[in-house]
Amino acid sequence: MVLVKLCLFITILLFFSGLLTVNCEKKVTKVDKTSTNSVVGKSITNKTSISKDPCSKARCGPGRECVIDPATAEAKCLCIRECGPNKDPRRQVCDNYNNTWNSDCHLFRHQCVCKEGESKDCTDNHLHMHIDYYGECKELGSCDQGTLADFPRRMKEWLYTIMSKKYPKPADHEKDNYHHGWINAIIWKFCDLDTEPHDRKVSRHELFPLRAPLLSMEPCIGRFLDSCDPNDDHLVTLAEWGNCLGVEKGEIEDKCNEFNSSNEDK
Ligand SMILES: [Ca+2]
């Protein structure tokens, strides 16, 4: 009799635990289903909204922003309506005519409205201005001959230090490897500057990220970079870049694919 009662108790226990399990599974399934649907739904909605947004593929130049034309529903790059206030002096920029602007946005916006004939406060300079360096315009130190002559050595050391941090390798202090290391650093910087287009030529525009932040501290950077473009075609080739940094022609080789693919891996 006791055995029968025990069996009955176990059966009842298993029955309710089974129900409990089924209920739990149902609950989990329901939650999963709901959450999956909501995630998928959200991603579909996002994709749809991106693909429907004509501005998603628009690439507007400096001083311009993408606006959807209400009449045609097409994307248009118009002059930025408002740049917003800036109280940070570090965001100020000095143009090549020695005028300080509140930010790069303010400079390029004004250039845009002048090009589009949307402002009367325009001169020829406004059409041709660009950022010379960051910060308020100031008296730049002069570049003396000695500093200019030593500039390639300092630039090589600087690039070598940056690259060693970016691509750390086992320490090797052999002279040949050090020499090889800074040649690699020079090639790496060239590839890093050659952004748009990737044509193995660095334009004045592409040199901007190197020149503008350094100019107020390194008055020789402008003359040094000019020396890298001896034929004055406003494009620096890898051979010209290597030559102005004192690398022999036979020592420099195109490794941009190698550097770009290792950047993609990171
Ligand atoms: Ca280029």
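**Exercise 1. Determine what backbone angle G117 takes and how long the preceding helix α2 is.**

Step 1. G117 comes just after α2 and takes a positive phi of about 70°. Helices (H or I, at least four residues) and strands (E, at least two) are DSSP runs, numbered from the N terminus. The structure is a predicted model, in which local features need pLDDT of at least 70, side-chain atom pairs count only at pLDDT 80 or more, and totals for chains, interfaces and linings use all residues. Residues are numbered from 1 along each chain as its sequence is written.

Step 2. Helix α2 covers residues 104–115, which are twelve residues. The expected span of a helix is 1.5 Å times one less than its number of residues. For α2 this gives 16 Å, and the end C-alpha atoms are 17 Å apart, which agrees.

Step 3. A residue is buried if 20 or more other C-beta atoms lie within 10 Å of its own, exposed if 12 or fewer, and partly exposed in between, with C-beta atoms placed from the backbone. The buried residues of α2 are D104, L107, F108, R109, H110, Q111, C112 and C114. Their cover includes β1, β2, β3 (93–95), β4 (100–101), α3 (124–128) and β5 (131–134).

**Exercise 2. State whether G63 is buried or exposed, and identify its contacts.**

Step 1. G63 lies in the loop between α1 (2–52) and β1.

Step 2. There are 23 other C-beta atoms within 10 Å of G63, so G63 is buried.

Step 3. Two residues are in contact if their C-beta atoms, placed from the backbone, lie within 7 Å. Leaving aside neighbours within four places in sequence, G63 is in contact with C79, I80, F108, R109, Q111 and C112. G63 and C112 are 49 residues apart in sequence, yet 5.9 Å apart in space, C-alpha to C-alpha.

**Exercise 3. Describe how the strands β1 to β5 are paired.**

Step 1. Two strands pair if DSSP finds at least two bridges between them. Strands β1 (residues 64–68) and β2 (residues 75–79) run antiparallel and are joined by five bridges. In this pair, C66 has C77 of β2 as its bridge partner.

Step 2. The two strands form a hairpin with six residues between them, and A73 in the turn has a positive phi of about 65°.

Step 3. An open sheet is formed by three strands in the order β4-β3-β5, with antiparallel pairing. Because β4 and β5 each have a single partner strand, they stand at the edges, and one side of each is left without a neighbour in the sheet.

Step 4. Two bridges join β3 to β4, and the partner of V93 in β4 is W101.

**Exercise 4. Examine the length and bend of helix α4.**

Step 1. The 22 residues of α4 (residues 145–166) should span 32 Å at 1.5 Å a residue, and the end C-alpha atoms are 32 Å apart, which agrees.

Step 2. The bend at a residue is the angle between axes fitted to the seven residues ending there and the seven starting there. In α4 the bend is about 40° at F151, and a proline, P152, follows within four residues.

Step 3. The buried residues of α4 are F151, M155, L159 and M163. An α-helix has 3.6 residues a turn, so residues three or four places apart point the same way.

**Exercise 5. Locate the largest nonpolar core.**

Step 1. A nonpolar core is a set of buried Ala, Val, Leu, Ile, Met, Phe, Trp, Tyr and Cys residues joined through C-beta atoms within 7 Å. The largest one has 34 residues, and L159, A185, I186, I187, F190, W241 and L245 have the most contacts inside it.

Step 2. At least two residues of this core come from each of β3, α2, α4, α5 (175–193), α7 (221–227) and α8 (238–244). The largest share, eight residues, comes from α5.

Step 3. Domain bounds come from an automatic or database domain assignment. Domain 1 (64–134) and domain 2 (145–265) both give residues to this core, so it lies between them.

Step 4. Leaving aside neighbours within four places in sequence, L245 is in contact with P152, M155, K156 and I186.

**Exercise 6. Find the unusual backbone angles at P197, D232 and H234.**

Step 1. Most residues other than glycine have a negative phi, and most peptide bonds are trans.

Step 2. E196 and P197 are joined by a cis peptide bond, with omega about 0°. P197 is found in the loop between α5 and β6 (201–203).

Step 3. D232 has a positive phi near 55°, and H234 has a positive phi near 65°. D232 is found in the loop between α7 and β7 (235–237), as is H234.
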